[in-house]
Amino acid sequence: MTMSRIPQRLVALALGVGLASAALGTAVPASAQTPTDAPVSRYAGSAEEAKNNKAFFEAVLASAAQKKAADPSLRVVTVYYNAAQAPSFRSQISSSTSIWNSSVSNVKLAATSGTGDFSYYEGNDSRGSYASTNGHGRGYIFLDYAQNRQYDSVRVTAHETGHVLGLPDHYSGPCSELMSGGGPGTSCTNRYPNAAERSRVNQLWVNGLAAAVKKLNAAR
């Protein structure tokens with residue numbers, strides 16, 4: 001999701017639930033490029049964004065299902081991410097991971113230096129930050145520099161990571177709702193999912209994962 005999915009007149013201000021790197025001292029390289037191995041079409045409406053978010057979650061869920069199928073005794077599945085391509089946001093990604101790991105119990109996030117279930121990238125993109133897939137069954141989160149200077153950095157990262165765990169955008173929600181993204185404005189610094197969001201993720205990673213494993217086993 002790009003927190004920039006708000007009315008056109010606010011696009012310049014809210015290009016996604018952006019990262020407030022200035023406030024947190026995040027270094028922003030003078031030059032950056034969007035990941036060449038993670039192309040996406042330009043945003044064309046909320047339906048497209050929702051489709052990308054859904055595809056991202058399904059890709060991560062499918063990867064997790066393979067682990068569960070290989071070891072049915074696993075009670076909690078760990079979803080691994082590679083943040084090597086987003087060095088400027090190492091602190092924000094670590095904080096986001098801690099927030100989610102302390103908020104939900106049926107899935108955990110962990111870093112890896114190898115091929116993860118999804119990856120983080122950084123750079124400049126007029127669409128802002130977003131979550132999507134690379135077209136090859138893997139998800140990625142793109143963190144935009146401009147948003148870093150406008151919104152709370154950890155909130156952006158935690159919001160985008162919420163898509164990894166299956167949560168959709170809800171821009172009309174209050175600041176207390178993490179997935180409201182940039183809707184509440186730049187003054188919103190809440191970095192934590194509320195009770196409903198935590199409950200939804202836990203449900204998804206019980207019922208959704210079970211269904212994904214069943215589908216995987218049926219296809220074998």
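**Group meeting: a pocket, some salt bridges and a disulfide**

Let me open with the largest pocket, whose lining residues divide into seven nonpolar, two polar and two charged. I should say at once that what we are looking at is a predicted model, and that everything I describe today is computed from it. The pocket itself holds about 220 Å³ of space, and its lining is made up of 11 residues, with Glu 58, Ala 62, Ala 65, Ala 212 and Lys 215 lying nearest the centre. If you ask which elements supply the lining, α2 and α6 each give at least two residues, and the largest share, six residues, comes from α6.

One of those residues near the centre leads directly to my next topic, the salt bridges, because side chains of opposite charge can pair when their charged atoms come close. The count for this model comes to four salt bridges, and I will go through three pairs in turn.

Glu 58, which is among the residues nearest the centre of the largest pocket, forms a salt bridge with Lys 54, and the closest N and O atoms of that pair are 2.4 Å apart. Both residues sit in helix α2, which covers residues 46-70, and because they are four residues apart there, about one helical turn separates them. Glu 58 has a relative accessibility of 41%, so it counts as partly exposed.

The second pair also involves helix α2, but it reaches much further along the chain. Asp 117 forms a salt bridge with Lys 67, with 2.6 Å between the closest N and O atoms. Here distant parts of the chain are linked, since Asp 117 belongs to the loop between β2 (107-111) and β3 (118-123) while Lys 67 belongs to helix α2, and the two are 50 residues apart. As for their surroundings, Asp 117 is buried, with a relative accessible area of 4%, whereas Lys 67, at 25% relative accessibility, is partly exposed.

The third pair is Asp 152 with Arg 191, a salt bridge in which the closest N and O atoms are 2.8 Å apart. Asp 152 lies in the loop between α4 (145-148) and α5 (153-164), and Arg 191 in the loop between α5 and α6 (195-219), so this salt bridge ties together parts that are 39 residues apart in sequence. Asp 152 is buried, at 9% relative accessibility, and Arg 191 is partly exposed, at 26%.

That loop between α5 and α6 brings me to the disulfide, of which the structure holds one. Which cysteines does the disulfide join? They are Cys 175 and Cys 188, with an S to S distance of 2.1 Å. Both cysteines are in the loop between α5 and α6, 13 residues apart. The torsion about their S-S bond is about 90 degrees, and the disulfide is therefore right-handed. Cys 175 counts as partly exposed, at 28% relative accessibility, while Cys 188, at 4%, counts as buried.

I will finish with the strands. In a regular strand the side chains alternate between the two faces of the sheet. Strand β4, residues 130-133, is covered on both faces, with Tyr 130 and Ser 132 on one side and Ala 131 and Thr 133 on the other, all of them buried. β4 pairs with strand β5, residues 139-144, in the antiparallel sense over four bridges, and within that pairing the bridge partner of Tyr 130 is Phe 142 in β5.

Definitions and conventions. Residues are numbered from 1 along each chain as its sequence is written. This is a predicted model: local features need pLDDT of at least 70, side-chain atom pairs count only at pLDDT 80 or more; totals for chains, interfaces and linings use all residues. Side-chain values use heavy atoms; hydrogens and water are left out. A salt bridge is a side-chain nitrogen of Lys or Arg within 4 Å of a carboxyl oxygen of Asp or Glu. Buried means under 20% relative accessible area, exposed over 50%, partly exposed in between (1.4 Å probe, protein chains only). On a 1 Å grid over the protein atoms alone, a cavity is a set of points where a 1.4 Å probe fits but cannot get out, and a pocket is an open set with protein on both sides within 12 Å along at least five of seven lines; lining residues have an atom within 4 Å of a point. Grid points are joined across faces, edges and corners, and a volume is the space filled by probe spheres set on the points. Ala, Val, Leu, Ile, Met, Phe, Trp, Tyr, Cys and Pro count as nonpolar, Asp, Glu, Lys and Arg as charged, and the others, Gly among them, as polar. A disulfide is a pair of cysteine sulfur atoms within 2.5 Å. Two strands pair if DSSP finds at least two bridges between them.
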